[in-house]
Amino acid sequence: MNKRSFSILILGGGVAGMAAARFLDHQDLSVHLVEEKDHLGGNASLWACMATDTCQNCGACLTHEMAEQVTAQKNITLHLNTKINTLNRTDQGIQVLLTSGETIVASKVIMATGFSPFDPARLPSLHWETGKNIIPTVQLNALIRQEGLADLLGKIQNPRIAFIQCVGSRNRELKKEYCSQVCCKISLRHAQKLGHEIPDANITLFYMDLQLVGKEIRKTAETLSQQVTLVQGVPAEILENPDTGTLTLVTEDGLSRIKKEFDLVVLSVGMESPPDLKDTATLLEALPNEWGFFNTQDALVSKDLYIAGCAAGPKDILSSKQEGRIAGAKVIQDLDLARKPDMNVAILGKGPQAALVAKSITAKGFSVYAFGIDPGTAFSPDALPHAKILAVDGTLGNFSIYFEDHGKKQTLTFGAIIAAEEAAVISNTGPGRFQTAMDLNAFEQLAPGDCPQKILILLDYFGPEFKTTARRALLAAMAAGKQGKEVTIVLNKMLVHGALGQVLYDRARSQGIRFLRFDDAGDIKITTRKKGFLVHLKEATLPGMELELACDCLVVPESIRANKDFQALASFLGTPLDREGFLQSANVRHRLIQSPRRGIFFAGTCHDEVDGEDLETEIQEILSALTHPKPLPPKETGVMVNEKKCAKCLTCYRICPHGAIFLNEKMRPQIMEDACFSCHLCVANCPAYAIESTNFTNDQIGNRVTDWGKKGQIVVFACERSAALAAEKAGLPKTCQVISLPCACRISCDMILKSLINGAAKIIVSPCHEGNCRSMDGSTTARAALNAIAKMPGITPDKVAWEPVAANETIKFERIISKAKKDKP
């Protein structure tokens with residue numbers, strides 16, 4: 001077969017389109033990436049970094065690294081400032097004429113055309129076009145990136161800042177009966193960022209229902225609730241004082257309307273389909289739904305067409321990246337270029353989620369060993385339901401699991417490991433709590449004739465509900481309502497996730513189901529009666545009033561919490577837990593399903609807030625990784641072990657965050673190239689200098705400082721995925737030299753001292769923000785090295801500095817260099 005014998009057309013150079021293009025890095029494919037703008041990255045490329053003291057996991061910085069990778073990928077042809085002109089299906093494939101005049105004949109087309117932010121001018125009562133300090137989130141992102149907030153707010157002391165949610169989403173009048181999925185998380189991060197940048201700011205967030213869905217978002221909201229005023233209810237109008245510029249929001253407070261004044265109002269605008277999407281879809285013989293997306297069953301997709309990212313429906317950066325990869329995998333699979341199943345796969349976990357993962361992986365031809373799964377499930381891998389794992393060792397393609405089964409200890413070898421242990425489900429009924437109440441699972445299983453007449457479902461009482469629980473409760477309420485039962489749902493917020501979340505909520509309300517709200521669990525008092533319950537509720541939207549609700553049945557859902565076994569499993573896998581005790585760090589470099597150790601994956605509620613549809617998607621992405629053909633030629637790590645110098649201290653073996661170093665038959669450390677991320681942490685920390693680098697030795701870097709020019713320069717050691725990318729677009733003085741490193745963890749005391757000896761006037765180490773490092777703790781490690789240098793005799797504070805910079809913080813990088821130039825010793 002000739003190289004690049006298939007042409008693939010990708011429409012859209014945003015996150016999903018770039019992820020698909022990266023996945024299609026194959027010698028037999030020629031990829032044409034068509035983007036209507038003059039740059040890659042889509043809307044996400046315009047978003048600001050949300051990091052405060054640490055990374056806040058927004059993922060916006062990833063787009064810049066992805067753009068660099070796509071631009072350098074040899075089998076990709078970029079067509080910027082270009083659209084489709086005409087399209088015809090022929091015997092040879094899909095013939096496309098571009099507006100540039102070029103013609104492409106493609107075998108497959110991936111549509112990743114993204115979204116458009118809602119235009120707030122379509123809501124005249126918000127007066128966006130005339131109010132100077134009324135800005136949409138798009139403009140706020142620009143101000144944060146340009147460090148222009150101070151110019152906008154002037155000399156206002158204690159600025160009052162408001163966020164208004166759901167601008168253009170969840171709006172029946174505009175025929176946008178859907179949630180844009182990401183706006184609440186974005187505004188929470190924006191509010192946190194503004195509070196960090198402007199400590200004296202008074203921030204208020206007005207919302208319909210705060211959508212706390214996703215990894216660690218509850219922790220973020222819990223922390224932020226102590227710093228930001230959260231108000232349930234969206235203002236109907238914004239008025240501007242022409243003399244002072246003060247903005248007045250008209251909102252409801254119970255039965256009356258009140259006015260609140262602010263200096264800045266941020267409109268959290270929703271997502272909608274691009275204005276020309278229907279024309280593009282028509283050319284491709286596809287039909288979007290009434291909202292312009294492809295996320296419901298009535299949307300139609302034609303042959304050889306794949307939809308990815310926000311073209312399918314609203315979603316965040318990481319989900320768009322996931323869908324792009326899956327679309328690329330489907331193309332490779334359909335062209336019969338996928339890697340054939342050639343490895344054993346271990347599934348760790350018990351319960352239906354692990355069973356579904358094992359069944360799906362088995363169906364693709366892999367040999368599956370299921371640790372903890374009952375052999376009576378509807379598939380036939382090698383089941384080890386009673387096996388006790390004792391140790392996990394090795395790396396990608398060569399993991400070994402040492403375990404005990406029925407008193408016999410043994411070891412099996414695997415190419416990949418999938419952790420699919422389920423989260424704990426804790427009942428909130430029974431002795432000591434609501435003894436005669438019914439949990440949600442029992443209520444769902446009631447036969448129609450056994451369902452009580454008056455039902456009250458209590459959500460969020462023991463903390464914010466997970467989306468699976470909220471959806472189950474809503475569907476159970478609707479089912480009871482159809483039987484003529486009186487159903488009341490008492491809650492703090494209504495989760496309307498997914499394509500049809502808002503539609504279901506509206507149907508429930510029209511069906512007669514009552515929704516009442518509380519601010520705090522203390523607003524509810526529950527009394528058990530001889531028959532049923534009596535609930536006294538201080539309803540959040542009716543201040544000063546207490547409602548008395550009698551019910552025959554009180555339904556209290558189970559709580560979802562981290563499983564007590566997660567800690568041990570994380571230890572075996574060599575991966576960290578998140579802040580809530582679930583598997584997998586929140587680090588965006590490896591999510592949604594991967595880990596710092598290549599070949600270890602996560603699926604289901606062990607690591608994230610996952611429903612059935614999400615789990616199916618996770619399985620698809622895992623399969624895409626397992627069946628992806630290896631790129632040719634193999635990538636070199638640039639790192640090697642000099643056995644003559646090696647003292648077998650095993651420092652490298654212990655500290656490698658990627659599990660890329662294993663012990664060979666001589667019990668000497670050896671680097672597994674496929675598992676190595678080339679971070680150079682082992683190089684910087686080997687006490688015997690036995691691990692050597694091809695391009696980043698201390699002498700090579702020190703000599704670059706000497707060779708570059710005169711003494712007295714500012715030298716910046718920048719992570720190649722963050723600060724080095726920001727520096728590429730920065731206007732830097734001639735007195736500044738940026739040295740790109742594979743990771744900030746390559747920094748060592750030797751390197752910094754050699755650079756100072758060779759003439760550097762000031763050293764700035766500029767890593768990723770803590771929590772964003774691909775090698776997990778690279779930024780922290782670099783800071784420790786820098787702190788050690790700063791304590792040495794003769795090293796004054798103005799000689800060294802630690803300044804984290806993300807790839808999308810070019811203006812910040814310029815400011816750091818400008819200040820360093822002024823302060824240079």
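E5 and E6 form a hairpin with four residues between them, and Gly101 in that turn has a positive phi of about 95°. Helices (H or I, at least four residues) and strands (E, at least two) are DSSP runs here, numbered from the N terminus. The model is a predicted one, with local features needing pLDDT of at least 70 and side-chain atom pairs counting only at pLDDT 80 or more, while totals for chains, interfaces and linings use all residues. Residues are numbered from 1 along each chain as its sequence is written, and side-chain values use heavy atoms, with hydrogens and water left out.

Back to the hairpin: strand E6 covers residues 103-106 and pairs with E5 in the antiparallel sense over four bridges. Pairing takes at least two DSSP bridges between two strands. Ile94 has Ala106 of E6 as its bridge partner, and Ile94 of E5 also partners Arg89. That second link belongs to another hairpin, made by E4 and E5 with two residues between them. Strand E4 (residues 84-90) and strand E5 (residues 93-98) run antiparallel, joined by six bridges.

Zooming out, the protein's secondary structure comes to 21 helices and 43 strands. The C-alpha atoms fill a box of roughly 80 × 80 × 65 Å along the principal axes. The radius of gyration is 28 Å, which agrees with the value near 28 Å for a compact globule of 825 residues. Both sides of that check are simple: the radius is taken over C-alpha atoms, and the globule rule is 2.2 Å times the number of residues to the power 0.38.

Now for helix packing, starting with H1. Axes are lines fitted to C-alpha atoms, for helices over the stretch in contact, and angles run from 0 to 180 degrees between N-to-C directions. The axes of helix H1 (residues 15-23) and helix H2 (residues 62-72) come within 10 Å and cross at roughly 40°. That makes H1 oblique to H2; angles under 35 degrees count as roughly parallel, over 145 as roughly antiparallel, 65 to 115 as roughly perpendicular, and the rest as oblique. H1 passes H2 in a left-handed crossing, a label given if the near helix is turned anticlockwise from the far one by less than a right angle, with right-handed used if clockwise. On the H1 side, Val15, Met18, Ala19 and Arg22 meet Thr63, Met66, Ala67, Gln69 and Val70 in H2, where contact means heavy atoms within 4.5 Å. The residues of this contact divide into six nonpolar, two polar and one charged. In this scheme Ala, Val, Leu, Ile, Met, Phe, Trp, Tyr, Cys and Pro are nonpolar, Asp, Glu, Lys and Arg are charged, and the others, Gly among them, are polar.

H1 also packs against helix H8 (residues 317-334), at an angle of about 40° and with the axes 7 Å apart. H1 is therefore oblique to H8, and their crossing is right-handed. H1 brings Val15, Ala16, Ala19, Ala20 and Phe23 to this contact, and H8 brings Ile317, Ser320, Lys321, Gly324, Arg325, Gly328, Ala329 and Ile332. By class, the residues of the contact divide into eight nonpolar, three polar and two charged.

Another helix pair is H3 (residues 137-145) with H5 (residues 183-197), whose axes come within 12 Å and cross at roughly 35°. H3 passes H5 in a left-handed crossing. Thr137, Leu140, Asn141 and Ile144 of H3 make the contact with His190, Lys193 and Leu194 of H5. Those residues split into three nonpolar, three polar and one charged.

As for sheets, one open sheet has five strands in the order E21-E20-E19-E25-E35, with parallel pairing. Its edge strands, each pairing on one side only, are E21 (382-384) and E35 (600-602). The twist averages 20° from one strand to the next. Within this sheet, E19 (residues 344-348) and E25 (residues 416-419) pair over four bridges in the parallel sense, with Leu348 partnered by Ala419 of E25. Helix H9 (residues 352-363) lies across E19, E20 (367-371) and E25, running at about 170° to E19. Helix H14 (residues 612-626) lies across E19, E25 and E35, and runs at about 165° to E35.

A three-stranded open sheet has the order E30-E31-E32 and antiparallel pairing. Strands E30 (524-528) and E32 (546-551) are its edges, and the twist averages 15° from one strand to the next. Five bridges join E30 to E31 (residues 533-538), and Ile524 stands opposite Leu537 in E31.
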